[in-house]
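Q: I would like to learn how to read a structure one feature at a time. Could you walk me through this one?

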Amino acid sequence: MASSTVKPPIVSVRGLSKDYAVRVLDGVDLDLAAGEIHALIGANGAGKSTLCRILAGLTPASKGEITLMGDDFRPSDKRDAEDRGVQIVQQELNLLPSLTVAENLFLNHFPHRYGWIDYQKLHADAEVALQRVGLQAVNPRTPTGTLGVGSRQLVEIAAALVRDCQLLILDEPTAALTPVEISRLFDCVRELSEAGVSILYVSHRLEEIRTLCDRFIVLRDGRKVGSRNTVDSSSEEMVALMAGEAVTASKPFQSHRQNRVALRVEDLCRGNQVRNVSLEVKCGERLGIAGLVGAGRTELLRAIFGADRADSGTIRLGDDASIERCSHPRQAVRRGLALVTEDRKQDGLLLPHSVRINASLARLTHSLGWIDRRGEVARVEARCRTLETRFHSVEQPVEELSGGNQQKVVLVKWLESDADVFLLDEPTRGIDVTARQQIDRLFEDLARRGKALLIVSSDLDELMQLCDSIVAMAEGRVVARFQRGSWSRQSVMEAAFGDTSP
């Protein structure tokens, strides 16, 4: 952690407010010193992303003043903010998938000679930038859209680090990263801090904040409710400030695993991403899938669901005698599968449409061809209440919700389907501490009802808390399986790093 010595502010915010249909940010004050790593925490919908978007020039403030290096700061757009030295890495990625990694890294400031892009220098500079965030194995000429979410997250962070900046805003930067990648990112952040760059760090992972940050500010319902030095505060105090009350401690783990198999996968293959994977999940079991970015975890779930066509292998569901693979997600849903994708914006939601429409997509009940609108609204509202999803109306476009509340809508959609097997890819990404407890209880309730859950998470501690058993994947293969009580953090990580050569 950087020094907590008080320094003059490089960024000063006074009375910052933002109004949409309602006020979402209300009179917030904030000071950031040069070289300070300052955390911004709060529940989903507390106003964190709105504050970040205002500082980054993505949306104008309704009221308030901002100064940067002592000068008035009112950026007209993101480019204007970047020119003044403010860079942002958002929770929702903004890379252009059709461009190469190198082109995304240096977009708008390509190196050139005699009016032509100097691709030799571009690719050389890109290799240096990628090495800085641990992506030295990625070819700069690779189309960005072919990378997994975790790798794309690191590319976006690398893109911010190659630019000169006075203020770097990181919004949930580690949500899709593994512990090794997080450690490398922290090294980069500390290097920037030592160079005098101010860091505004948004995260729901309180231990990260306690490890990395000097101070933190807490927002609740758009208002600043506290600011502390991290060395003087406990995680319990942070949670209490965010929630407005003490949060109930999680219950001891209770297994609901039955003897009956819900899903059996045998020798499933898809190119080099999924290689001869065999596993089974029993009814009521919560099976975690651990591994590094690129290990094949996401690709495995998509192949099981039929979102990507597998090359070979078999899948058996429950007592179904057939062992065919799902050739299309429609078939998977009919057979009782549900997939919560890791990229909710691209694969999980229809952003311009309402909460009601998105939550009803997987199961739209009707009578004689007529939709029961009143019943649909009642079901969606009830489901959303169980996860305390924040919105003004079920007719509100889901793109207007915070990232965490969008994720809750994705979960509600699949709860409506009443599937037997839930494939969950980073299901708590961008979810605040209190909402995680609600989702933990939701998963336990699904397991109690005999549902099988496959949970991919880059947060190994989360898997160890949630699951009956964990499999480790590396280079497309399952390399180890651990039962609760027989694992340790070290043993799972060693398996994920292990030699997978035949």
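**Reading charges, burial and contacts**

A: Gladly! Let us begin with Glu-426, which sits in the loop between strand 20 (421-425) and helix 15 (433-448). Keep in mind that this is a predicted model.

Q: Which side chain of opposite charge is nearest to Glu-426, and how far away is it?

A: The general idea comes first: side chains of opposite charge can pair when their charged atoms come close. For Glu-426 the nearest candidate is Arg-297, at 4.3 Å. A salt bridge requires a nitrogen-to-oxygen distance within 4 Å. Glu-426 is thus a buried residue with no salt bridge.

Q: What else is in contact with Glu-426, apart from its neighbours within four places in sequence?

A: The list includes Arg-297 again, together with Glu-342 and Gln-407. Also on it are Ala-175, Ala-176, Val-456, Ser-457 and Ser-458.

Q: How many residues of helix 9 are buried?

A: Eight of the nine residues in helix 9 (residues 297-305) are buried, so this helix is mostly covered. Arg-297, the neighbour of Glu-426 we just met, is one of the buried residues. Others among them are Glu-299, Leu-300, Ile-304 and Phe-305. Just after the helix comes Gly-306, with a positive phi near 85°.

Q: Now for charges that do pair. How many salt bridges does a search of the whole structure find?

A: The search finds 32. One of these joins the side chains of Arg-14 and Asp-31, with 2.8 Å from N to O. Arg-14 belongs to strand 1 (residues 9-19) and Asp-31 to strand 2 (residues 23-33), so the bridge ties together parts 17 residues apart in sequence. Both partners are partly exposed: Arg-14 has a relative accessible area of 37%, and Asp-31 comes to 26%.

Q: Which parts of the chain does the salt bridge between Arg-390 and Asp-221 tie together?

A: In this pair, the closest N and O atoms are 3.0 Å apart. Arg-390 is in the loop between helix 13 (373-386) and helix 14 (403-417), while Asp-221 is in the loop between strand 11 (215-220) and strand 12 (223-229), so the bridge ties together parts that are 169 residues apart in sequence. Arg-390 is partly exposed at 39% relative accessibility, and Asp-221 is partly exposed at 46%.

Q: Is Glu-285, the partner of Arg-481, buried or exposed?

A: Glu-285 is buried, at 1% relative accessibility. Its bridge to Arg-481 has an N to O distance of 2.8 Å. Arg-481 lies in strand 23 (residues 477-483) and Glu-285 in the loop between strand 14 (274-282) and strand 15 (286-291), so the pair ties together parts 196 residues apart in sequence. Arg-481 itself is partly exposed, at 35%.

Q: Which residues are linked in a network of salt bridges?

A: The network links Asp-418, Asp-420, Glu-444, Asp-445, Arg-448, Arg-449 and Lys-451. Take Asp-420 as a member to inspect: it lies in the loop between helix 14 and strand 20 and is partly exposed, with a relative accessible area of 43%. Setting aside neighbours within four places in sequence, Asp-420 is in contact with Gly-336, Lys-451 and Ala-452.

Q: Where is Val-101 found, and what is it in contact with?

A: Val-101 is in helix 3 (residues 101-105) and is buried, at 0% relative accessibility. Beyond its neighbours within four places, its contacts include Leu-130, Val-138, Pro-140, Leu-147 and Val-155. Thr-144 is another contact; the C-alpha atoms of Val-101 and Thr-144 are 5.1 Å apart, although the two residues are 43 apart in sequence.

Q: Stepping back, what do the values for the protein chain say about its overall form?

A: The chain has 17 helices and 23 strands. Its radius of gyration is 23 Å, close to the 23 Å that the globule rule gives for 502 residues, so the chain is as compact as a globular protein of that length. The C-alpha trace spans about 70 × 55 × 45 Å along its principal axes, and 54% of the residues count as buried.

Q: How many positive and negative side chains does the protein chain have?

A: There are 64 positive and 69 negative side chains, and the centres of these two sets lie 4 Å apart.

Key
Residues are numbered from 1 along each chain as its sequence is written. This is a predicted model: local features need pLDDT of at least 70, side-chain atom pairs count only at pLDDT 80 or more; totals for chains, interfaces and linings use all residues. Side-chain values use heavy atoms; hydrogens and water are left out. Helices (H or I, at least four residues) and strands (E, at least two) are DSSP runs, numbered from the N terminus. Buried means under 20% relative accessible area, exposed over 50%, partly exposed in between (1.4 Å probe, protein chains only). The radius of gyration is taken over C-alpha atoms; the globule rule is 2.2 Å times the number of residues to the power 0.38. Lys and Arg count as positive and Asp and Glu as negative; His and the chain ends are not counted. The place of a charge is taken as NZ of Lys, CZ of Arg, CG of Asp or CD of Glu. Contact means heavy atoms within 4.5 Å.
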